[in-house]
Amino acid sequence: MQNVLITGGAGFIGSNFSRYILQKYPDYRVVVYDKLTYAGNLENLCDLRGDPRFTFVRGDIADAALVDRVMREHSIDCIVNFAAETHVDRSLLEPGSFIMTDVYGTYVLLEAARKYQVERYHQVSTDEVYGAKLEGRSVESDPLDSRSPYSASKAGGDLLVLSYYTSFGLPVTITRGSNNIGPYQYPEKVVPLFITNAIDDQPLPIYGDGQQMRDYQYVLDHCEGIDVVLHRGQPGQVYNVGTEVETRNLDMARLILDLVGKPYSLIQHVTDRPGHDRRYALDCSRLRALGWRSRHSFAEALEKTVRWYLENEAWWRPIKEGSYYREYYARNYGHRQVLAKG
Ligand code: NAD
Ligand code: DAU
């Protein structure tokens, strides 16, 4: 494995992963293939531009002809697929692009992987495919119970990936990660949204009662988990990746306000997200058996993340001030009622 195609590598996790792989494996070459949707940003990769082992290609994973050309021209022997539409709220507003990218795009990549006989096809998936887990923890063999169009399209991708193992013997692996936080996360996701709103003294819109729980993991811990599965995971297997510690949204918001030094009165409870899953919780023992450990507690991950956003206003402010973001914000939040404050 030497020539790695990282699809969606200009997004949040994919850009962190591209940097991680180039640093860790001096003999690897990385081709980032990314459509540069609103969530893709070449600034996320700016420090890699001069590296002779790094190439960027702008393209859609659903474009079979371009994917084929890139596979051939770069002698790709491994695909790691991060490319996806990723925001649950947007999937409730416009599901079509989720199906095109997360399902059909995955199929196009699988066909290319098959044609070029890659050593590994790795699919980056999500804990959301298991659905809400009010008690206990989801294990990899649990049935899928997707409840949002985002989750359903990711589940569709996962099932296709596994079918290529069973039907064609393609050496595939899947990781299902919990919520990532860290540098370069687009400020529509709750943690960077709340940090940047807090910096600007803007309200933090908590959906519903704020008692929903998520497992927030540091992005580089997730990248390390994907790397371990890529190199030591068993073909045909799924691996959960998370910290196995869940935090309530309201507690997460208060911690952010403490770290930024702003009052709890910025919290506003607003109309809930439809179909809002109350809790996700993963059992990660299968990945731990390969020697992986999550290195950051939630407090450490959040502290590093807040510091990064405080020090990198030049990265996020142009995004938040752009008309694309402002229109989305009005569309997603404008109609929500304020239920309570503080
Ligand atoms: P992101 O939204 O920050 O980045 C997605 C990237 O994919 C962007 O660069 C975008 O331009 C690109 N992209 C979108 N459609 C494309 C297409 N058709 N062709 C090529 N590129 C396309 O997402 P992220 O948070 O970095 O998530 C990456 C992957 O990890 C996704 O598959 C997501 O489902 C999964 N995941 C995310 C989290 C999380 O907490 N963020 C947790 C678990 C799993
Ligand atoms: O669990 C992994 C998933 O985590 C990834 O697969 C997704 O790509 C990623 O977006 C994320 O999904 P969530 O829906 O959990 O993340 P989000 O940041 O949108 O929301 C986290 C929690 O915060 C959730 O309970 C909803 C709540 N929330 C979110 C927003 C945007 C609010 O209370 N207010 C908000 O404004």
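1. Start with isoleucine 256: leaving aside residues up to four places away in sequence, this side of the fold has Ile256 touching Val191, Phe194, Ile195 and Leu302. Bear in mind that this is a predicted model.

2. Those contacts make sense once you look at the largest nonpolar core, which has 35 residues. Ile256 is listed there with Val191, Phe194 and Ile195 as the residues with the most contacts inside the core. Helices giving two or more residues to it are H6 (190-199), H8 (249-260), H10 (298-311), H11 (313-321) and H12 (323-333). Strands E8 (204-207), E10 (216-218) and E13 (267-270) do so as well.

3. There's another core apart from that one, with 28 residues. Ile61, Val67, Leu109 and Ile174 are among them.

4. Now the overall build. I'd point to 12 helices and 14 strands in the protein, and a C-alpha trace spanning about 55 × 45 × 35 Å along its principal axes. The radius of gyration is 19 Å, which agrees with a compact globule, because 342 residues packed that way would come out near 20 Å.

5. On packing, 56% of the 342 residues are buried. Of the contacts with a separation of 6 or more, 83% are between residues 24 or more positions apart.

6. Last, the surface and the charges. About 13800 Å² is exposed, and carbon and sulfur atoms supply 51% of that. The protein carries 39 positive and 44 negative charges, and their mean positions are 0 Å apart.

Notes:
Residues numbered from 1 in each chain as written. Chains lettered and ligands numbered in written order. Predicted model: local features only at pLDDT ≥ 70, side-chain atom pairs only at ≥ 80, totals over all residues. Heavy atoms only, no water. Helix = DSSP H or I, 4+ residues; strand = E, 2+ residues; numbered from the N terminus. Rg over C-alpha atoms; globule rule 2.2 N^0.38 Å. Buried < 20%, exposed > 50% of the residue type's maximum accessible area, 1.4 Å probe, protein only. Contact = heavy atoms within 4.5 Å. Areas by Shrake-Rupley, 256 points an atom, 1.4 Å probe, with all protein chains shown as cover. Lys, Arg positive; Asp, Glu negative; His and termini not counted. Charge placed at Lys NZ, Arg CZ, Asp CG, Glu CD. Core = buried A, V, L, I, M, F, W, Y, C linked by side-chain atoms within 4.5 Å.
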